[in-house]
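Please read this briefing alongside the sequence and the 3D structure. It deals with nonpolar cores and salt bridges.

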Amino acid sequence: MDSVQKNSGDLDPYNGSYDLHRELFGHERGVRCGCNIGENHLSLLNSADSSDNHVFNHEYLVTGGAEGDVVVWKLTNLGYCNIVSRFMAHVNTVMCIVPSQLLNDFLDMSSLESNPNEELTLYEHQLCVYTCGRDKLIHRVNLAGKKLLTLEGHDDVVCSLHEMPDSSKLVSGSWDGTAIVWDVLSGTQQYRIQSTQYKYSVYVNSLVTGEVVSAMQNGDLCFWNGRNLVKSKKLHDDAIRAVSIKDNYLTCSNDCTIKCFNDSLCLLFSMELHEGFVYDVRHSKEFDVAFSASEDKTVRVWSTKNGQLLQTIALESSVWQVVETTYNGIATIELSGKVTLWKLKPGKTPIQPNNKLECVVKPKVTRTSGVKILDMTLFKKFNSEKAKELILKYSEENKTLLDTELLYVKQFFQNDTSNLRDSYDISWVVKMLDWPVAERLPVFDLIKASSIYLFTEQLFKTRNQGSKVIFSANEALKNSDNPQLFSVCLQMFANLLHPSISRSVMFRHFESIMESVSVICGISNKLIQQPLSVLCQNFAIACVHNNETNVINHIVLLISKSLAICNEDLKTDSPFSAPVSLRHFMTLELLIHNFPQTTEYCHGHQLKTVLESLSKLLIDKKLVDSNSLGTINYLLNNLS
């Protein structure tokens, strides 16, 4: 077993990379969050008046699961890892876990001695964390699983926690649009932060001064002194999912960006390479870097000096969170239910002082096979309240839905679509497909968001109904000038390639779909190009699954038109061009690897020329990592 030591010498993420160390499987139904308990908290176990202070050679990783379960992992400096406790904290998903500076000083030694779990020591009974969940509750528990305190006061899911500089104070954020500052010594609310301006999710942090920082769903960052709003500023175009505070402010958002601000909230730089919601961003405790986790199945390491990308880690599923560990590593909290440990190792050309570009990574000169990207990307973002509001408003104005159908609409948005029964009536959805093109956006949005559930089977089990969905979207693509409508149509098509029943309908009508999509694929707009790249990728994956070759030439044609747009836009530093281009490259690699005739189609659409131009721009601008360089070389070699 390799020894895992703390940082020594000059090793850092600028001249090293995080490599796979080991995978942890402790949650049966998925993992949602985690935290590290390292040296800062372990040192609290040493008595201030004792000369016999213990030197710790381990740390803890605490993870929260989708079923309310918490797993405590003990990681040693020699690389060993084992579970020391597992317990239920909530009745459903644990949304956030943070360590506490407060120790559990009320120990029942008799229960400790009689505990059958031999892995538990006195340390696990003393060290504590706070957890919060979808059950609207907050608990303070020790690592042995004993609940020491329960806080109740939010009206919706508690999604965020932060222990304040005064460790007797805890601040929580909720989907009810409020934050609460708690006195954890007495177990009471100290005060509640709320405003009629903010009604939805709140993610919290705090300053050393005691001011609370709240990140809001509308993209505002707010600063509160007690209940009073000191200042606020709109930083993002969509909900802010996390805010990290160190020498500067880092925020991440559903608008797919990460931004860095100074103390005056002036933008220092923006990091825009993620292709999905960015769920988490946090400063490294030891290095001048930040870690981000995204719906796009990647973790990225960024320089906090200038915002340049240092490393991309591609994973099998979306990533909720990144947790930095004590011994030169990180842990990725993944939607698949897996927790992966990564260890920092040498292996990168060091970045030069004052160099504004990212460090140079080693290119892959050869590649024996294409990347197997057989896990489709799905669009899950869905503003149900907005969609319901638009549908009910249009129906009321035009009397298009019956009262019973309006009841079905309301039931649909109130209930989890994954629990729809076979008898559920979806005729109201089919009727809305005949609405004027300009009014269909929320209809396509709900089909998109529900496409991985039984809803799709109900909608597509009748051939005419499934075809009507396709024809309605094709008509919208050809007869509208609304980029948001285009985007939702493309996202819906991409999602419908996932269930086999709707995929078969997509293949049956692929010519009309490709004809309609080609009408808009030459428009330079992130709302169009980003979902277009996902549609092409999902179509390619579906072709591999179904061994379908008739669609390949059409996919290559769409990619060639999109890459031409990216090639021009990248010359003006368009933020969406790089990730869209790289996704297209991966799709082409998958197609060439599985269908050799793809190279002929690429030559027919003169893809090599634009590929060479784009590759040079991406490499010159330092927008690729080693894996992307491998893809580029693979394509150039096969198209030469």
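Is glutamate 316 buried or exposed? Glutamate 316 counts as exposed, with a relative accessibility of 53%, where buried means under 20% relative accessible area, exposed over 50%, and partly exposed in between (1.4 Å probe, protein chains only). This is a predicted model, in which local features need pLDDT of at least 70 and side-chain atom pairs count only at pLDDT 80 or more, while totals for chains, interfaces and linings use all residues. Residues are numbered from 1 along each chain as its sequence is written, and side-chain values use heavy atoms, with hydrogens and water left out.

**Nonpolar cores**

- The largest nonpolar core (a set of buried Ala, Val, Leu, Ile, Met, Phe, Trp, Tyr and Cys residues joined through side-chain atoms within 4.5 Å) has 95 residues, and those with the most contacts inside it include Phe444, Phe493, Ile555 and Phe585.
- Helix α13 (residues 526–546) supplies the largest share of this core, 10 residues; helices (H or I, at least four residues) and strands (E, at least two) are DSSP runs numbered from the N terminus.
- Because domain 2 (381–452) and domain 3 (481–639) both give residues to this core, it lies between them; the domain bounds come from an automatic or database domain assignment.
- Leaving aside neighbours within four places in sequence, isoleucine 555 is in contact (heavy atoms within 4.5 Å) with Met514, Cys536, Phe539, Ala540, Cys543 and Leu591.
- Another core, of 29 residues, lies apart from the largest one, and among its members are Val98, Cys132, Ile240 and Val243.

**Salt bridges**

- There are 14 salt bridges, each defined as a side-chain nitrogen of Lys or Arg within 4 Å of a carboxyl oxygen of Asp or Glu.
- Arginine 192 and aspartate 176 meet through their side chains in one salt bridge (4.0 Å, N to O), which links distant parts of the chain, with arginine 192 in strand β13 (residues 188–193) and aspartate 176 in the loop between β11 (169–174) and β12 (179–183).
- Aspartate 296 pairs with arginine 300, their closest N and O atoms being 4.0 Å apart; aspartate 296 is buried at 14%, and arginine 300 is buried at 9% relative accessibility.

**The pair at glutamate 316**

- The side chains of glutamate 316 and lysine 338 form a salt bridge (3.7 Å, N to O), with the two residues 22 residues apart in the chain.
- Lysine 338 counts as buried at 7% relative accessibility, whereas glutamate 316 counts as exposed.
- Glu316 and Lys338 are also linked with Glu23 in a network of salt bridges.
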